[in-house]
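Visitor: Please take a close look at one part of this model for me. I would like to hear about the largest pocket, and then how it sits in the whole.

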Amino acid sequence: MAEGADTTRATIDRSKLPGQVVLVLQGGGALGAYQAGVYQALSEAGVEPDWVIGTSIGAINAALIAGSPVQERTARLREFWMRMQARPIWGLGGAFADLDDRLSYWTTLMHGISGFFTPNALAHAGDGFPLGAEQAGYYATAPLRETLRELVDFDLLNGGGLRVTVGAAHVRTSRMHYFDSRDGALDARHILASGALPPAFPAVRIDGELYWDGGILSNTPTEVVFDDNPRRDSLIFAVNLWNPDGAEPATMAEVFNRHKDVQYASRMSSQIARQEQIHRLRHIIKELAVRLPDSVRNDPAVRELASYGCQTRMHVVRLQAPQLERENHTKDIDFSDRGITARWRAGYQQTRSVLERMPWTGEFDPLAGVVLHDAQVVTAAAAE
């Protein structure tokens, strides 16, 4: 986990950033250690988020960040991920490393993860056994509730000035619902609901309604920023855990792995493409309104039409977790020390690289409302 990292690098002048800093954290189980590394690098550079949005493990990391004093956030993240680590069964390496990984996988399935989830024996009593809506899952998440109670200060989360939004799927209506600290106090239930992925984890009841993991409907909830009211200029760090691009699978193991990547990573690109179009139109409306004569522009009907325009700009920095050696479809429950450490370090190093380049600086097409910075590629047309 990037302990002992060089923290002497110059910090970034917050006043020169292009708007509020938003951290968007995807769901992905054990892959979420990458997000902790991303946050550590941002924090060391003085780029603390103004708003953090998370789904599933992203919601847990969001709660740890917002529910801790600024100077303790990285330490709280480290404490959580140390608690999640599954110790090697035999500590095998070399040619036998795969065997140790398999043993760890089956041990996690059978015994759970201390501080996170434990098996629910009654779930195996038969598909028709009446477990109850809030116990219907193969595992119980009471240990996670206790971990959150120990590591997250919810009073600070709700009153510390850092806005927090977590996504969950409303079970009855199949609609995405976002719980936002701007609109009401959040507690452990909201974080547990955001990570209640069926059939592993049971739904969580909030205000009489049941909620499942938000990743079922939107695993990378960037739309929350784009649809916010009022919209603000933003620098959005979208932290992706699943690979949108990959080779054609030729084995069943590769099919399982690629299926998960496609299922949980596929929405991001389409969301960004749609928002690029929408925000460009908003800029065009604003520009057209400025060119109208005063006699027309002041007409109430024209003013209403012009209100659909805006000049906000969203810079989206897309950070992508790499695929590790020997990674397969069980990667989201790979809570091994090796996996957590490697992913944390990757998030830290990649984010430092991005911060050194500061791709959001420079001149861009004045009609571009969304500018995507993907690695070293800028998709919005730069101004000549």
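Guide: What follows goes from the pocket to its lining, then to one helix, a cavity and the overall fold. Keep in mind that the model is predicted.

Start with the space itself. The largest pocket holds about 750 Å³. Its lining is made up of 37 residues. Closest to the pocket centre are Leu 197, Ala 200, Phe 201, Asp 332 and Ile 333. Four helices each give two or more residues to this lining: H2 (57-66), H4 (97-111), H7 (188-194) and H9 (252-291). H4 gives the most, with 3 residues.

Now the chemistry of that lining. Nonpolar residues number 23. Another 11 are polar, and 3 are charged. Asp 332 is among the residues closest to the centre, and Asp counts as charged. Leu 197, Ala 200, Phe 201 and Ile 333 are also in that central group; Leu, Ala, Phe and Ile count as nonpolar.

Helix H2 deserves its own look. It is one of the helices that give two or more residues to the pocket lining. The rest of the structure largely encloses H2, because 10 of its 10 residues are buried. Buried here means under 20% relative accessible area. The run begins with Ile 57, Gly 58, Ala 59, Ile 60 and Asn 61. Ala 62, Ala 63, Leu 64, Ile 65 and Ala 66 are buried as well.

Next, the enclosed spaces. The structure holds 2 cavities of 30 Å³ or more. The second largest cavity has a volume of about 30 Å³. Its lining consists of Leu 31, Leu 241, Asn 243, Ala 321, Pro 322, Glu 327 and Arg 343. By class, that gives 4 nonpolar residues, 1 polar and 2 charged.

Step back to the whole protein. Its secondary structure comes to 12 helices and 12 strands. The C-alpha trace spans about 75 × 50 × 45 Å along the principal axes. The radius of gyration is 22 Å. That agrees with a compact globule of 384 residues, for which a value near 21 Å would be expected.

Burial and contacts complete the view. Of the 384 residues, 50% count as buried. Among contacts with a separation of 6 or more, 74% join residues 24 or more positions apart. The exposed surface is about 18200 Å², and carbon and sulfur atoms supply 54% of it.

Notes
Residues numbered from 1 in each chain as written. Predicted model: local features only at pLDDT ≥ 70, side-chain atom pairs only at ≥ 80, totals over all residues. Heavy atoms only, no water. 1 Å grid on protein atoms, 1.4 Å probe; cavity = no way out; pocket = protein on both sides within 12 Å on 5 of 7 lines; lining within 4 Å. Points joined across faces, edges and corners; volume = space filled by probe spheres on them. Rg over C-alpha atoms; globule rule 2.2 N^0.38 Å. Buried < 20%, exposed > 50% of the residue type's maximum accessible area, 1.4 Å probe, protein only. Contact = heavy atoms within 4.5 Å. Areas by Shrake-Rupley, 256 points an atom, 1.4 Å probe, with all protein chains shown as cover.
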